Structures are given as C-alpha cells and as structure tokens.
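I opened the notebook to go through one chain, element by element. My notes follow in the order of the look-ups.

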Amino acid sequence: AANSQDQMKVAIVNQDNNEIANTVTNNLKANLPVKKVMTKDSLTTAKNKLKDNRVSLVIVIPRDFSNNARNSQSVQLDYYTSAAENTVEQSATNMAIKNVDSRVKSSLQSNVIVGMFARQMAPRVQQQMQQRAMQQMQRGQIGNPSAMRQEMQQQIMERARKASKRVTVQYSSRTYRVGTQRTNKEYQMAGMFLSMGQYLGLALASAVLVWLFSAARFNFSSKYAAFGMVQVTGFLMTLVLSLIAVCATRTLIRFNFGSVFM
C-alpha cells in the first residue's frame, strides 16, 4: 500500500486515443510525482489491479474527452480508488487526484487549447502571408522565405494565445470506489495496536528479565557471560513476541506475513 505520492503506482486508461487525450496522457506520465505510471491496461485490468492492491489509483480518460475539449464543452476525468484504503492511503490518493486535476486543467488551457487555435488559424495566416508575398513580387521586392515562415509562425502562435485567453476550460472529475469498504477500524488501527502490543510485551518482558538477572547475576562465571546471556535472552524475546503479535493480527486481517514480521 502507498502511504505517499512517491510510493504510488498509477494506471491511466485512455479510452479516447485522440490527439488531445494522448497529449494529456503523455503529460501525466512524464510529470506525475509517483513511483510508476502504467498506460497499457484496459479498464477491467486496471480495476482488478486496484482490488489486488497492485495499483493505488486508476485515471480514466473518457471517449469524448478530445471532442468536448475541441468544442469548448465540459471535459472530465474519472478516478477509481480502493474502498479498502486506510486513512493515510486515502490522504495520499486525494493529494494525487488534486495534483492530476491541476495538471490536466493547466495542460488543456495552456497547451491543448493554444494548439487547437493555432491549427485553426494557420490556413488563414498562411493565405495572408502568400498574398503579401505576391504583392512584394509585383512591386519588384524579393522577400526572405525563411524570415517569412518564422514571422508566420510567430503570428499564428500570438493570435492563438490571445484567443485561448477568452476560453475557459470547463473541467471536472468524478471518483468511484472499487472493492469492499471496511466499516470497522480493523484495517485502520491494526498497525497501531500491533506496535503498542509489542512494545507493552517487551516492557513487561524486560522488567521480568531484569528481576531474574538481579537474582542470578552471581551464578555466572564472568561479567561477560552475564552480559551475553542478557542480550541473547532479549533478542529471543523480541523474535518470539513479534511472531506472536503478527500471528494474532494475521487471524483478523490479511497481509504479507513476512514483510510485517520483519
């Protein structure tokens, strides 16, 4: 499970596969501050991975995303999160969703919309530049083709930026929860009670060990033997108590036994 954004694995399901949707997908893949971004999964596969805790968040770009963006209609993304997340995981997921929302809206406003206007304006600007070139030739003036192309590109981008400022992207998102939602606190509080129980057990065991050592300290042949025996006993108690605590918790909830024990 991911407790922070940099630990998260995110799946992006691009159901649109048109220019604007592909631009958004590539932007997210390159800039999201997460551990891994996967873009090849279908929605069914991504949701199964979410249920199995192999990804932390699924981002779905709907089929009408690009078309709505071109027509200045409302665009939205769909998010799928795990219903079994604990409080820390939910916080990390919510931060990731806000990050994605911010990046997508910024990308649409600054890159996609400008590019869309630029493509629409290019033929008109090109025609105007050709007419000006013809007029120059009629007057016997020879223009620089390279300079004219550069000027044309600058005019197109300048007009596109001005036009994009008059367009406000209507962006929204929806979040769905996948899997079984835990109504009790066993998943939320298990880690805390596991640690508290182990520390309490170690405290009691340490008190008993000190008492036993005080009674038997004169029976050892040397101070080194006494010190070594105390250390070995403490180490064995730590292993045994850890094993008991993890086994008891494992009877209530499912988790990777080896990783939690270590």
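How many bridges join β1 to strand β2, and how do the two run? I found 3 bridges, and β1 and β2 run parallel. Two strands count as paired if DSSP finds at least two bridges between them.

**Ground rules.** The model is predicted: local features need pLDDT of at least 70, side-chain atom pairs count only at pLDDT 80 or more, and totals for chains, interfaces and linings use all residues. Residues are numbered from 1 along each chain as its sequence is written, and side-chain values use heavy atoms, with hydrogens and water left out.

**Overall layout.** I counted elements next. The protein chain has 8 helices and 5 strands. Helices (H or I, at least four residues) and strands (E, at least two) are DSSP runs, numbered from the N terminus. Along the sequence I read the pattern β-α-β-α-β-α-β-α-α-β-α-α-α. The chain holds 262 residues, of which 34% count as buried. Buried means under 20% relative accessible area, exposed means over 50%, and partly exposed is in between (1.4 Å probe, protein chains only).

**Strand β1.** I went back to β1, residues 9-14. Here 5 of the 6 residues are buried, so the strand is largely enclosed by the rest of the structure. I looked up one pairing: Val10 has Val37 in β2 as its bridge partner. Strand β2 covers residues 36-38.

**Loop to α1.** Asn17 sits in the loop between β1 and α1. I noted a positive phi of about 60° there, although Asn17 is not a glycine. Most residues other than glycine have a negative phi. Asn17 counts as exposed, because its relative accessibility is 53%.

**Helix α1.** This helix covers residues 19-31, 13 in number. From first C-alpha to last, α1 reaches 18 Å, close to the 18 Å expected at 1.5 Å a residue. The expected span is 1.5 Å times one less than the number of residues. Which residues of α1 are buried? They are Ile20, Ala21, Val24, Thr25, Asn27 and Leu28. They cover an arc of only 165° around the axis, so they lie on the same side of α1. The arc is that of the directions from the helix axis to the C-beta atoms. Asn26 and Ala30 are exposed, on the face of α1 turned away from the buried side.

**Helix α2.** I repeated the look-up for α2, residues 43-51. Leu43, Ala46, Lys49 and Leu50 are buried. Their arc is 125° seen down the axis, so they line one face of the helix. Thr44 and Lys51 are exposed on the other side of α2. Past the helix, Asn53 lies in the loop between α2 and β3 (57-61). Asn53 has a positive phi of about 65° although it is not a glycine. Its relative accessible area is 47%, so Asn53 is partly exposed.

**Salt bridges.** How many salt bridges are there? The count comes to 3, taking a salt bridge as a side-chain nitrogen of Lys or Arg within 4 Å of a carboxyl oxygen of Asp or Glu.

- Asp41 pairs with Lys49, with the closest N and O atoms 2.9 Å apart. Both residues are buried.
- Arg54 pairs with Asp52, with the closest N and O atoms 3.3 Å apart. Arg54 is partly exposed at 46% relative accessible area.
- Asp78 meets Arg174 at 3.0 Å, N to O. Asp78 lies in strand β4 (residues 75-82) and Arg174 in strand β5 (residues 171-178), so the pair ties together parts that are 96 residues apart in sequence. Asp78 is buried at 8% relative accessibility, whereas Arg174 is partly exposed at 37%.

**Helix α7.** I finished on α7, residues 223-250. Its 28 residues should span 40 Å at 1.5 Å a residue, and the end C-alpha atoms are 41 Å apart, which agrees. Ala226, Ser242, Ala245, Val246 and Thr249 are buried in α7. Val232 is also placed in α7 and is partly exposed, at 45% relative accessible area. Val232, Phe235, Leu236 and Leu239 form a nonpolar patch on the surface, with about 370 Å² of accessible area together. Areas come from the Shrake-Rupley method with a 1.4 Å probe; for residues, only the protein chains shown count as cover. Patches are made of residues with over 30% relative accessible area and no salt bridge: like charges are joined within 9 Å, nonpolar side chains (Val, Leu, Ile, Met, Phe, Trp, Tyr) within 5 Å.
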